[in-house]
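Student: I'm new to this structure and would like a close look at a single part of it. Could you pick one and walk me through it, step by step?

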Amino acid sequence: MQLQVDVNNIKSTIFLELLSLFKKDNMINDYKIIDNKTNSDNELLNDLNMIGESIDNAKKGLGHQTSKTVNIKNA
């Protein structure tokens, strides 16, 4: 699954450190920085189509469950 986030330039360093921490703790597989000019509408639509399957898999106990919770608030 893919998540695209538009991050404020001022807060981007903190966000990148958070992503590195998630990767180190195996909470995410990988991440990449893409150029704003990249047209990724098709990728986003494909990912949205897979949400139902991902939720069904989670209900069946597939995947790795942790006790960690992430709350993201807009400051």
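**A patch and a helix**

Tutor: Let's start with L45, which has its place in helix α2. Keep in mind that this is a predicted model. L45 is one of the residues that make a nonpolar surface patch of about 410 Å²; its partners there are L44, L48, I51 and I55. Two elements give two or more residues to this patch: α2, covering 41–49, and α3, covering 51–59. With three residues, α2 gives the most. As you look along a helix, it helps to know that an α-helix has 3.6 residues a turn, so residues three or four places apart point the same way.

For another view, turn to helix α1, residues 12–24. What span should its 13 residues have at 1.5 Å a residue? The expected value is 18 Å, and the end C-alpha atoms are 18 Å apart, so the two agree. After α1 comes N26, whose phi is positive, near 60°.

Within α1 you will find L19. Is L19 buried or exposed? L19 counts as buried because its relative accessibility is 16%, and the cut-off for buried is under 20%. Leaving aside neighbours within four places in sequence, L19 is in contact with I28 and Y31. You can also look from L19 to D30: these two are eleven residues apart in sequence, and their C-alpha atoms are 8.7 Å apart in space.

Key:
Residues are numbered from 1 along each chain as its sequence is written. This is a predicted model: local features need pLDDT of at least 70, side-chain atom pairs count only at pLDDT 80 or more; totals for chains, interfaces and linings use all residues. Side-chain values use heavy atoms; hydrogens and water are left out. Helices (H or I, at least four residues) and strands (E, at least two) are DSSP runs, numbered from the N terminus. The expected span of a helix is 1.5 Å times one less than its number of residues. Patches are made of residues with over 30% relative accessible area and no salt bridge: like charges are joined within 9 Å, nonpolar side chains (Val, Leu, Ile, Met, Phe, Trp, Tyr) within 5 Å. Accessible areas come from the Shrake-Rupley method with a 1.4 Å probe; for residues, only the protein chains shown count as cover. A salt bridge is a side-chain nitrogen of Lys or Arg within 4 Å of a carboxyl oxygen of Asp or Glu. Buried means under 20% relative accessible area, exposed over 50%, partly exposed in between (1.4 Å probe, protein chains only). Contact means heavy atoms within 4.5 Å.
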